[in-house]
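Let us walk through a protein model by asking where empty space is left and where side chains gather. Please keep the structure in view while you read.

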Amino acid sequence: MSLHSGLMGDLPVYDVVLLPPPDVDAASIRLSGRLAAQVPVEFVLSQDLRYPHLSLYMANLTPADCEKAQKALDDLALRTPALPLAATHFAGNEHGMFEVFYTRTPELVRLQTDVIAAVGPLRTGLRELDPVGRVIAEHRLTAPAEARDNLDRHGYDEIGGLFKPHITVTRFRERGHVPGELPDPGEFTTVYRTLALCVMGEHGTCTDVVAAYELRG
């Protein structure tokens, strides 16, 4: 299992995520494999490694704090209803990430805020690397003001106006690659019902599901 190291010791990095239901999970894996058959990629999603997911918060956690985080997330799931989310489009970025994006709803923003309130106080220092491989302690020095403020306050930048909910389908080795024919993004529109704590691997992948909770509010 490949883990990013924390700056304060060799702590694993965890990702609090929403896991898609089986149909969107399968669609994500299918598209990831199809793109990988066309051009070289850094990873391919699968059912037992590199799980499709929508990230809410990433943090270094000690073993003791990981247990506390699991309890906090279970409590949060108990009072959070399932989340209908509409997929709107596919897009790549300059780092080679290729993603399907969702509408950022007030309910989803509220969930992220609640996750950060529950898990953020448990984190230890900054993660060493972000999903695209930048050293966070160095990146924050030149990051835009909102990203820098989020990193300083929460150790994670994609919050507030920078929260763009998505599933990362793959990462192209040719960073500027633009894929050809794609499925209708509507295939990824669904109701998310599972909150989970995952171990992060390279490229922002989730390599192990530590615990998963049904949204049952």
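On a 1 Å grid over the protein atoms alone, a pocket is an open set of points with protein on both sides within 12 Å along at least five of seven lines, whereas a cavity is a set of points where a 1.4 Å probe fits but cannot get out, and lining residues have an atom within 4 Å of a point. Grid points are joined across faces, edges and corners, and a volume is the space filled by probe spheres set on the points.

This is a predicted model, in which local features need pLDDT (the predictor's confidence in each residue, from 0 to 100) of at least 70, side-chain atom pairs count only at pLDDT 80 or more, and totals for chains, interfaces and linings use all residues. Residues are numbered from 1 along each chain as its sequence is written, and side-chain values use heavy atoms, with hydrogens and water left out. The chain has a mean pLDDT of 94, with 96% of its residues at 70 or more.

The largest pocket has a volume of about 720 Å³, and among its 27 lining residues Asn93, Val132, Arg134, Asp157 and Glu158 lie nearest its centre.

Glu158 also helps to line the largest cavity, together with Ser55, Tyr156, Phe163, Lys164, Pro165 and His166, and about 30 Å³ of space lies in that cavity.

Leucine 56, leaving aside neighbours within four places in sequence, is in contact (heavy atoms within 4.5 Å) with residues including Leu18, Val115, Leu195 and two that line the cavity, Tyr156 and Phe163.
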